[in-house]
Amino acid sequence: MAVSHAKNGSLPLMNLVRTTAFPIINQLHLEEKLLRTSSENWCIINDGTVDSAIVMGVSGKLSDLVETRSVLRDRIPVVRRFSGGGTVVVGKGTIFVTFICNKDAVPGLQPYPCPIMSWTARLYAKALHDVVDFSLRENDYVFGDRKFGGNAQSITRARWLHHTSFLWDYDARNMRYLKHPPRAPKYRSSRRHEEFLCPMKGFLSSSSDFVDRTVASIEDHFSLRQVELGAVTDSPAAAGYTQSTKLLTEEELKASVESETEV
Amino acid sequence: MAMRLWASSMANALGVSRAVAGAPLHPPFAFSRCFSSVLEGLKYSASHEWVKNDGGVATVGITDHAQDHLGDVVFVDLTDPGAAVSKGDSFGSVESVKATSSVDSPVSGEIVEINTKLKETPGLVNSSPYEDGWMIKVKLSDPSELDSLLDPAKYTEHCEAEDAAH
């Protein structure tokens, strides 16, 4: 298995792609391609996606998680991603940070969900060390008991991916597109989205400040090499790679509405 | 197209025994250094899948060590019967703790059956990894591949070394 090392040999190399307003469906396609076809380490940071969208995990059931009639009426895109985890509404106030690493990239880190989650939490704790009450709670990043970042992962034989959608800011009206999920962390205590979630903008001066802090924390573990987004998206797709992230069709959304009606 | 299996979560059952040769698949309680059960009569891959060969048809699943490290399994996605699989290739994935983790075949051949019980009860992977939590059955195209897999003692050493290194 290939392991990328910095020229000075001290820290492993990680490619950093830093961008803004990259559509989330395109970002997820890129992430899945890099996870399955690259042998290098990557960090992708996207400060805000262009339009609002709903992003479901690989096993999410539309009728359980999404107010499909409202989504159809308002023509909100619904994406099913390749990683696990729950459903989020994303938009221009969402900051996306994704790590895609070889299994041995982080010394001593076992490529299983909990160790990876703990490692990323320590990385963000360092980045937010002067922000009160940051912690990892039942796989969510929280300030106190309010969630500001949702996580999901995809782990293959030789690599792992961990991505987070951070709520820099959000339109509370978009939460009406989401149902209360059947599987929720205990600390949520049945709170509505508005009482459970917390925007980051009240704790930091700007979204770029958060990104800068995160990059500084990553540099404790990796030697970063800046890569332009175009250089990655323009590279040809590897042979034999089948993409699973997809945009749900109007027919699929309507079928979900009909199934709810029949029940 | 891969078969999509829906499920509800179950509590994670931590297996802590090591079976002896000839013992039933519910061995008596005993401590082992790695605190996961490793059964005699099976072969193991370094990526924590187990194989039981029965006349050229191999049953495959993930080990107790793997299910313990993954956490509560809430969803299992398996390649449809009839598909070919090669040693080392993924035959599906499990979801746990917000993560999808690929499961890789230790052997090559044709998938002749998948465990449909995992559709409604994916937690069987946690509670019964070596029996009710089996995943696929493969008609072997090259039985000699079994020779390169780990025996129970070597697999136990592998697990202990892996955990000690992290």
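How many residue pairs are in polar contact between chain A and chain B, counting those with both at pLDDT 80 or more? The count comes to 12. Keep in mind that this is a predicted model, with an ipTM of 0.88 and a pTM of 0.87.

Before leaning on the details, take a look at confidence in chain B. Its average pLDDT is 84, and 79% of its residues score at least 70. The weak stretch is residues 1-33 of chain B, where pLDDT stays under 50. For that stretch the model still has 86 contacts beyond four places in sequence.

Now for the interface itself. Chain A puts 26 residues into the contact and chain B puts in 23. Together they bury about 2,000 Å², with carbon and sulfur atoms giving 54% of that area. On the chain A side, A:Gln110, A:Tyr112 and A:Arg157 lose the most area to chain B, together 29% of what that side buries.

As for charge pairing, the rule finds 1 salt bridge across the interface. A:Asp140 and B:Lys98 form a salt bridge, and their closest N and O atoms are 2.7 Å apart.

Which elements of chain A do the touching? Helix H4 (113-127) and strand S9 (146-155) each supply at least two residues to the side facing chain B, and S9(A) gives the most, with 6 residues. Sorted by class, that side has 9 nonpolar, 12 polar and 5 charged residues.

S9(A) also pairs across the chains: 3 bridges join it to strand S8 (residues 99-104) of chain B, and the two run parallel. To find this pairing in the viewer, try A:Ile155, whose bridge partner in S8(B) is B:Ser101.

Note on methods. Residues are numbered from 1 along each chain as its sequence is written. Chains are lettered from A and ligands numbered from 1 in the order in which they are written. This is a predicted model: local features need pLDDT of at least 70, side-chain atom pairs count only at pLDDT 80 or more; totals for chains, interfaces and linings use all residues. Side-chain values use heavy atoms; hydrogens and water are left out. pLDDT is the predictor's confidence in each residue, from 0 to 100. Contact means heavy atoms within 4.5 Å. Buried area is the accessible area (1.4 Å probe) that two parts lose on being put together, summed over both. A salt bridge is a side-chain nitrogen of Lys or Arg within 4 Å of a carboxyl oxygen of Asp or Glu. A polar contact is a pair of N or O atoms within 3.5 Å; within protein, one must be able to donate a hydrogen and the other to accept it, and residues adjacent in sequence count only if both atoms are side-chain atoms. Helices (H or I, at least four residues) and strands (E, at least two) are DSSP runs, numbered from the N terminus. Ala, Val, Leu, Ile, Met, Phe, Trp, Tyr, Cys and Pro count as nonpolar, Asp, Glu, Lys and Arg as charged, and the others, Gly among them, as polar. Two strands pair if DSSP finds at least two bridges between them.
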